Amino acid sequence: MGLLDRLSGLLGLKKKEVHVLCLGLDNSGKTTIINKLKPSNAQSQDIVPTIGFSIEKFKSSSLSFTVFDMSGQGRYRNLWEHYYKEGQAIIFVIDSSDRLRMVVAKEELDTLLNHPDIKHRRIPILFFANKMDLRDAVTSVKVSQLLCLENIKDKPWHICASDAIKGEGLQEGVDWLQDQIQAVKT
Amino acid sequence: MAAASSSDSDSGRAESNEASSKWLDAHYDPMANIHTFSSCLALADLHGDGEYKLVVGDLGPGGQHPRLKVLKGPTVLTESPLPALPAAAATFLMEQHEPRTPALALASGPCVYVYKNLRPYFKFSLPQLPPNPLEQDLWNQAKEDRIDPLTLKEMLEGIREKAEVPLSVQSLRFLQLELSEMEAFVSQHKSRSIKRQTVITTMTTLKKNLADEDAVSCLVLGTENKELLVLDPEAFTILAKMSLPSVPVFLEVSGQFDVEFRLAAACRNGNVYILRRDSKHPKYCIELSAQPVGLVRVHKVLVVGSTQESLHGFTHKGRKLWTVQMPASILTMNLLEQRSRGLQAVMAGLANGEVRIYHDKALLNVIRTPDAVTSLCFGRYGREDNTLIITTRGGGLIIKILKRTAVFVEAGGVVGPPPAQAMKLSVPRKTRLYVDQTLREREAGTAMHRTFQTDLHLLRLRAARAYVRALESSLNPVSVTAREPLKLHAVVQGLGPTFKLTLHLQNTSAARPILGLLVCFLYNEVLYALPRAFFKVPLLVPGLIYPLETFVESLSDKGISDIIKVLVLREGQSAPLLSAHINMPVSEGLAAA
Ligand SMILES: Nc1nc2c(ncn2[C@@H]2O[C@H](COP(=O)(O)OP(=O)(O)O)[C@@H](O)[C@H]2O)c(=O)[nH]1
Ligand SMILES: [Mg+2]
């Protein structure tokens with residue numbers, strides 16, 4: 001594997017590595033989304049609540065993603081900021097069916113956007129309005145209203161409705177993210 | 001999302017804005033149609049899916065249509081009618097084995113309805129009480145049509161007035177009826193034997209034998225019959241029964257049933273009784289001067305709210321610790337526990353729409369809502385810890401989530417003892433002398449007192465003797481003899497060598513004038529010269545002051561002064577009535593001039 005990697009790197013075939021932070025409240029579907037983006041043979045069957053964080057890797061057509069899947073549980077959310085510096089992109093996942101905690105998601109997003117390590121960087125943010133298959137889910141337009149996404153002026157962002165269990169909407173989001181990262185790099 | 005449904009502030013700040021608030025406004029529905037009290041609210045993971053639900057024993061608008069509601073997030077998940085008004089709702093673990101989903105208990109009338117997985121599981125009824133034999137007899141007569149409904153009503157009312165044993169529900173309902181409805185009611189009910197059952201007034205849970213967060217718990221019931229019952233968690237048999245002097249309305253328990261527990265019951269007579277595991281009767285009693293409106297235990301402190309708009313803190317032995325005054329009537333109370341920061345505080349919902357949060361007597365936070373607050377509940381809801389549920393008088397539902405970063409701080413001035421207590425008193429330094437003196441005083445106190453008393457008596461004796469001597473020799477300017485009560489007062493005016501000497505003579509008797517007095521001056525004739533050294537006094541009318549003037553010529557130019565004696569005499573008597581010594585001033589003028 002090491003040798004092959006190096007070889008493809010020499011030949012200019014090696015994919016660029018990017019570090020992506022996957023954030024959002026607990027139970028929003030972060031682990032499920034990342035699991036779905038991995039090659040099917042590497043996907044795990046049971047998704048259990050993440051403790052602390054876990055590091056996952058997957059590849060898109062031209063990039064190699066290293067994803068920090070952060071736990072969204074209240075007591076772990078203060079860990080997020082320690083990884084902001086390393087992140088080159090952010091995936092923010094929202095449970096569209098959890099109306100009650102939409103305010104909490106907004107609060108955490110605002111805290112993230114105001115953090116000194118994020119505030120002045122043109123870091124791309126991809127939002128997944130996840131669990132769109134559920135009956136009491138609100139639309140991605142409504143989610144972006146509730147989170148006041150239109151106020152984000154200095155960073156490229158995009159919102160996709162998704163169903164992480166079926167894998168719907170995920171590819172669209174990853175494609176957008178890949179375009180953004182390449183636009184920055186070249 | 002409700003924009004400005006409510007606001008909150010810390011005790012220190014008067015105004016607060018969105019950014020400084022500790023709470024996120026998750027939901028506000030003024031028309032949620034929820035009418036309940038804090039005791040009828042419970043939060044639990046009823047389905048075991050990690051999503052905590054809210055159980056509401058709803059009285060219905062105007063107490064008309066009681067319902068059991070279960071809410072998921074902002075929406076009502078299930079709703080079912082209740083046979084009677086709910087008294088309390090509680091969630092508890094019934095058994096040890098998996099899956100450990102808590103059961104729901106709802107106390108209503110004489111029954112506790114137990115639900116598992118939100119399906120009816122068991123109904124516990126309070127035991128029957130013996131009916132009033134007189135009442136029974138009346139219904140028997142009605143059954144045999146020996147008395148008409150109107151007589152029945154009169155007789156029952158008579159029993160209600162004076163009987164020790166209260167009437168059955170059947171009789172009470174009969175007494176509420178209109179004349180037209182009575183006949184039908186009697187014919188419908190007369191064949192039934194009357195039952196008497198008390199009703200549940202309050203309910204809480206008590207851990208059975210483990211202190212763990214998720215340990216099996218017993219239900220503890222308070223009844224209108226002035227009793228407390230502890231039920232077995234699985235079999236619902238009565239494990240223990242305690243009696244109280246009054247009807248319990250709020251309960252607080254701590255400890256474990258099998259080991260040791262403490263039970264506090266706030267009662268309708270305005271007292272809070274504290275019971276222990278082994279006590280069948282109250283061990284301590286807290287007498288409030290008003291009715292209790294809520295009871296919350298914060299760590300070891302019992303916090304009682306009273307109808308006098310105040311919160312009181314007591315130890316578990318009933319000793320009063322503090323009192324704080326509220327700006328409006330307290331309508332409801334509950335515990336706020338922020339586990340992540342180990343904070344426990346009391347929330348009080350007020351008639352003016354405020355929710356005040358206190359840690360002991362320190363105000364931590366004030367939330368303002370648009371309506372009077374009727375119930376409060378804080379805990380894990382949905383997937384968020386630290387969620388506050390508020391319902392208001394108009395049926396509104398407010399859900400707030402405490403920010404992850406929020407820290408409650410006590411406002412400076414309110415905490416601790418009053419500032420005067422910290423002020424230093426200027427206590428004298430403990431010098432060697434001071435210590436010796438103190439020791440001596442302690443040892444020889446009696447002797448010192450005696451010596452002082454002896455000296456004091458000697459002094460008094462000497463003063464008395466001198467006074468008597470003065471009286472005997474009339475050496476004083478006041479004569480108190482019965483016949484000639486007189487007062488003399490002399491004034492010297494001038495700088496010299498000529499002085500004017502004025503004697504003011506007053507007859508101090510009430511009515512008798514004095515006649516035949518003489519005034520005589522005795523002086524050193526080398527130093528002074530007086531025109532008349534001896535003269536007669538005119539008649540002295542009682543009360544008036546007579547000025548008698550004479551000039552005194554100072555003869556010496558050496559600056560010497562002397563005493564001039566004035567004697568007031570009665571004609572024909574050699575002993576003077578009174579005398580005065582006048583200290584003449586030194587002449588400042590020149591004698592020769
Ligand atoms: N219906 C539905 N369930 C989802 C979706 N995405 C995730 N879930 C479920 O949500 C739960 C939490 O997912 P998880 O990935 O652990 O969330 P995380 O805490 O953000 O990592 C799991 O039971 C998933 O099966 C979705 O798009 N639709
Ligand atoms: Mg996870």
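How many Å separate an oxygen atom of ligand 1 from an N or O atom in the side chain of Lys30(A)? In this predicted model, the distance between these two atoms is 2.8 Å.

Lys30(A) belongs to a shell of 16 residues that surround ligand 1. The closest of them are Asn27(A), Lys30(A), Thr31(A), Thr32(A) and Ala164(A). Backbone atoms also take part: a backbone N or O atom of Asn27(A) lies 2.8 Å from an oxygen atom of the ligand, and a backbone N or O atom of Ala164(A) is 2.8 Å from an oxygen atom of ligand 1. Taken alone, ligand 1 exposes 580 Å², of which the protein buries 81%. Helix α2 of chain A, residues 30–37, gives the most to this shell, with three residues. By class, the shell holds five nonpolar, six polar and five charged residues.

The description now turns to the interface between the two chains. Here 15 residues of chain A are in contact with 15 residues of chain B. The area buried between the chains is about 1400 Å², and carbon and sulfur atoms give 60% of it. On the side of chain A, Leu100(A), Val103(A) and Glu107(A) supply 43% of the area that this chain buries against chain B, more than any other three residues.

Charged and polar pairs also span the interface. Three salt bridges are counted between chain A and chain B; in a salt bridge between Arg101(A) and Glu384(B), the N to O distance is 2.9 Å. Two residue pairs are in polar contact across the interface. Helix α3 of chain A, residues 102–113, provides the largest share of the side that touches chain B, namely five residues. That side of chain A comprises five nonpolar, three polar and seven charged residues.

How values were computed:
Residues numbered from 1 in each chain as written. Chains lettered and ligands numbered in written order. Predicted model: local features only at pLDDT ≥ 70, side-chain atom pairs only at ≥ 80, totals over all residues. Heavy atoms only, no water. Contact = heavy atoms within 4.5 Å. Buried area = accessible area lost by both parts, 1.4 Å probe. Salt bridge = Lys/Arg side-chain N within 4 Å of Asp/Glu carboxyl O. Polar contact = N/O pair within 3.5 Å; in protein donor to acceptor, adjacent residues only side chain to side chain. Helix = DSSP H or I, 4+ residues; strand = E, 2+ residues; numbered from the N terminus. Nonpolar A, V, L, I, M, F, W, Y, C, P; charged D, E, K, R; others polar. Near = heavy atom within 4 Å. Areas by Shrake-Rupley, 256 points an atom, 1.4 Å probe, with all protein chains shown as cover.
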